[in-house]
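Please examine the sequence and the three-dimensional structure shown below before reading the report.

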Amino acid sequence: METTTRRRKHWGWGYEDQQPTPEQVREAAVGIRSHLGFEPLEAEEPVPLSEVSLPAPRLEPPSSLAELCSVDPHDRASHAYGRSYRDIVRAFRGRFDHPPDVVARPRDEDDVRRLLEWCSDARAAAIPYGGGTSVVGGVEAAVGDGYAGAVSIDLSELGRVLEVDHVSRAARIQAGASGPQLEDQLREHGLTLRHFPQSFEFSTLGGWIATRAGGHFATLYTHIDDLVESVRALTPAGVWESRRLPGSGAGPSPDRLLIGSEGILGVITEAWVRVQARPTFKASAPVHFESFFAGAEAVRALSQAGLYPSNCRLLDPGEAAITGSAADGKALLVLGFESADHPVDAWMERALECAAAFGGSEAGGRRAEDGVGTWRQAFLAAPYLRDTMVAAGVLSETFETSMTWDRMEGFVRDVQARAQAALHEAYGSGTVTVRFTHAYPDGAAPYFTLLAPARRGSELEQWDEVKAAASEAVIAAGGTITHHHAVGRDHRPWYDRQRPEPFAEALRAAKTAIDPHGILNPGVLVDPA
């Protein structure tokens, strides 16, 4: 089958033509390790695809589906993993343990239906695939020996905005539309979804819905849940489509069950989403605090004041310094407001008053773009930089959670200390920084970043040790194993402990009812019957 000429990297983030030269990587590696205070180490190069040996496909699609399917090595390798640190390390070293046997690209819903029928008949696992940006093992075909093979169902051909309702301000969009694709099409109507996760460049609407993704808004409309009007999915038992309504009290919501289902209940094909006019009024300001927890008090006040800033992200002094956003040991609050209807100066004035009550000082004036701009650039570049960090022998990993305000300070201190101790045990040194990504009247979402000098050849063992320690700390302290990164296979052991067991039984029963052969992304969220 035909593929696009511009190919994604088979092992990391972005396109092949975006990869820096080996010399550029070596220079960057020197700078990164020096900036982090790590000993010098020669940068490595990824194993080229030509030297990767993939297991032979175990499946052969029927002739009626052959034009949709590919067993090309690049297709199989590039669909084998998401983009977590663990995924990138394995692919960087040419290790592909569970590549899909077939990559299928349906062109419409009927193609999806026929693919699911084939997978059911062949006893093959079907892995829905959006942009491949999962950082929790959500698209890896590690399905065990009980299947004849695995098919990665890539929804990228379903990328259109199908319908726009200007009166209700909503749009019907196919699930395979990436962030840039849907925004480009909505722009023609003067509209925007304004959902900007860090993976925006490649992640898709269907992926956002399946993983309950968090996006641009730091308050009020924090998750894709808040922007979904109705969802349509194909399941082995038939079409799952909710009625399009602004709200309903008619029993448990069918949309809520699909949102966060991670592909175990059906292949999401399209959704009606709430859109808005593109903002024309914006204001941003960097605010410095003497400590992270002083800033946290200000964030609590802001979230409880009903101001609803679009951006309200708090960086601890370590993260602010590493990203170059603030110096002198200051914590940084990135504060922003936006509107398509009215100037936002009054809201900003009141927000700065709230911050000042807790010792916050505006840095450089209202329009200062130094700290805010530097943070924004670092935020967008992070997925690309991670590839270079792997080449430089640096662990760069994150985990996120949420906690109520009454327990926040003790929670953050405890989790950060345990993660720091695990880093020193596994790596001998390293740093753990924290920021708030989203804020609510009753709590916030702490997001931790881990940086450490990795031991070449032992990266996965080190990662396992630190990941387990951090996850145990979060669950033991009463937090959630994930606020917006989803569960996947990486979080599954702790998700099993977080959810109520009666709910787990109900979820298993629902999966059995609509996916009796257990083909849809088996092992994520629940084990198939």
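This report treats one helix and several salt bridges of a predicted model.

## Helix 10: length and buried face

Helix 10 comprises the 12 residues 345-356. At 1.5 Å a residue, the helix should span 16 Å, and its end C-alpha atoms are indeed 16 Å apart, so expectation and model agree.

Five names make up the list of buried residues in this helix: Met348, Ala351, Leu352, Cys354 and Ala355. Viewed down the helix axis, these buried residues fall within an arc of 155°, and therefore they line one face of the helix. The buried residues of helix 10 pack against strand 12 (281-289), helix 8 (292-304), strand 14 (331-339) and strand 15 (361-362).

## A salt bridge within helix 10

Side chains of opposite charge can pair when their charged atoms come close. In helix 10, such a pair is formed by arginine 350 and glutamate 353. Their side chains meet in a salt bridge, with 3.1 Å from N to O.

The two residues are separated by about one helical turn, because they are 3 residues apart in helix 10. Arginine 350 counts as partly exposed, at 41% relative accessibility. Glutamate 353 is likewise partly exposed, with a relative accessible area of 46%.

## Salt bridges elsewhere in the model

How many salt bridges does a search of the whole structure find? The search finds 46. One of these joins the side chains of glutamate 16 and arginine 7, at 3.1 Å from N to O. Glutamate 16 has a relative accessible area of 34% and is partly exposed; arginine 7, with 32%, is also partly exposed.

A further salt bridge links the side chains of arginine 107 and glutamate 67, at 3.5 Å from N to O. Arginine 107 lies in the loop between strand 2 (102-104) and helix 4 (109-122), whereas glutamate 67 lies in the loop between helix 1 (22-36) and strand 1 (69-70), so the pair ties together parts that are 40 residues apart in sequence. Arginine 107 is partly exposed, at 40% relative accessibility. Glutamate 67 has a relative accessible area of 53%; this residue counts as exposed because the cut-off for that class is over 50%.

## A network of charged residues

Which residues are joined into one network by salt bridges that share partners? The members are Glu67, Arg107, Asp110, Asp111, Arg113, Arg114 and Glu117. The pair of arginine 107 and glutamate 67, described above, meets in a salt bridge, and both residues belong to this network.

Technical notes: Residues are numbered from 1 along each chain as its sequence is written. This is a predicted model: local features need pLDDT of at least 70, side-chain atom pairs count only at pLDDT 80 or more; totals for chains, interfaces and linings use all residues. Side-chain values use heavy atoms; hydrogens and water are left out. Helices (H or I, at least four residues) and strands (E, at least two) are DSSP runs, numbered from the N terminus. The expected span of a helix is 1.5 Å times one less than its number of residues. Buried means under 20% relative accessible area, exposed over 50%, partly exposed in between (1.4 Å probe, protein chains only). The arc is that of the directions from the helix axis to the C-beta atoms. Contact means heavy atoms within 4.5 Å. A salt bridge is a side-chain nitrogen of Lys or Arg within 4 Å of a carboxyl oxygen of Asp or Glu.
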